[in-house]
Amino acid sequence: MNLSVISFHTCPYEPFGTGFSGGMNLFLREVLERLSFMEVEIDVFTRAVGKDYTAIKNENLRVHHI
């Protein structure tokens, strides 16, 4: 199963307490990671927040910063 997600507010992997990150980021991150461990291939398209973020979180979860 493949899934594409658009997170237009902030990146789910932005550190909590900085910028606009908070509860929605935590919820989205947890849902995405749990789905990815259930063999769902996920591409997340989100706002670029910095150069510190890697594009691949695990073999089924890829984050694309736009």
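A residue counts as exposed when its relative accessible area is over 50%, as buried when that area is under 20%, and as partly exposed in between. With that in hand, welcome to a short tour of this predicted model. We look at strand pairing around β2, then at two phenylalanines, F27 and F45, whose relative accessibilities are 59% and 31%.

**Strand pairing**
- Strand β2 covers residues 41-46 and pairs with strand β1, residues 2-7, in the parallel sense.
- Six bridges hold that β1 and β2 pairing.
- At residue level, S7 finds its bridge partner in T46 of β2.
- Strand β2 also runs parallel to strand β4, residues 61-65, and five bridges join these two.
- Here V44 has V63 of β4 as its bridge partner.

**F27 in helix α1**
- Helix α1 spans residues 23-37, and F27 sits within it.
- F27 counts as exposed because its relative accessibility is 59%, which is over the 50% cut-off.
- P12 lies 15 residues from F27 along the chain, and their C-alpha atoms are 8.4 Å apart.

**F45 and the nonpolar surface patch**
- F45 belongs to strand β2, the strand that pairs with β1 and is joined to β4.
- With a relative accessibility of 31%, F45 counts as partly exposed, since this value falls between the 20% and 50% limits.
- F45 is part of a nonpolar surface patch with I6, F8 and I66.
- Together, the residues of this patch have about 520 Å² of accessible area.

How values were computed. Residues numbered from 1 in each chain as written. Predicted model: local features only at pLDDT ≥ 70, side-chain atom pairs only at ≥ 80, totals over all residues. Heavy atoms only, no water. Pairing = 2+ DSSP bridges. Helix = DSSP H or I, 4+ residues; strand = E, 2+ residues; numbered from the N terminus. Buried < 20%, exposed > 50% of the residue type's maximum accessible area, 1.4 Å probe, protein only. Patch = residues over 30% accessible without salt bridge, like charges linked within 9 Å, V, L, I, M, F, W, Y side chains within 5 Å. Areas by Shrake-Rupley, 256 points an atom, 1.4 Å probe, with all protein chains shown as cover. Salt bridge = Lys/Arg side-chain N within 4 Å of Asp/Glu carboxyl O.
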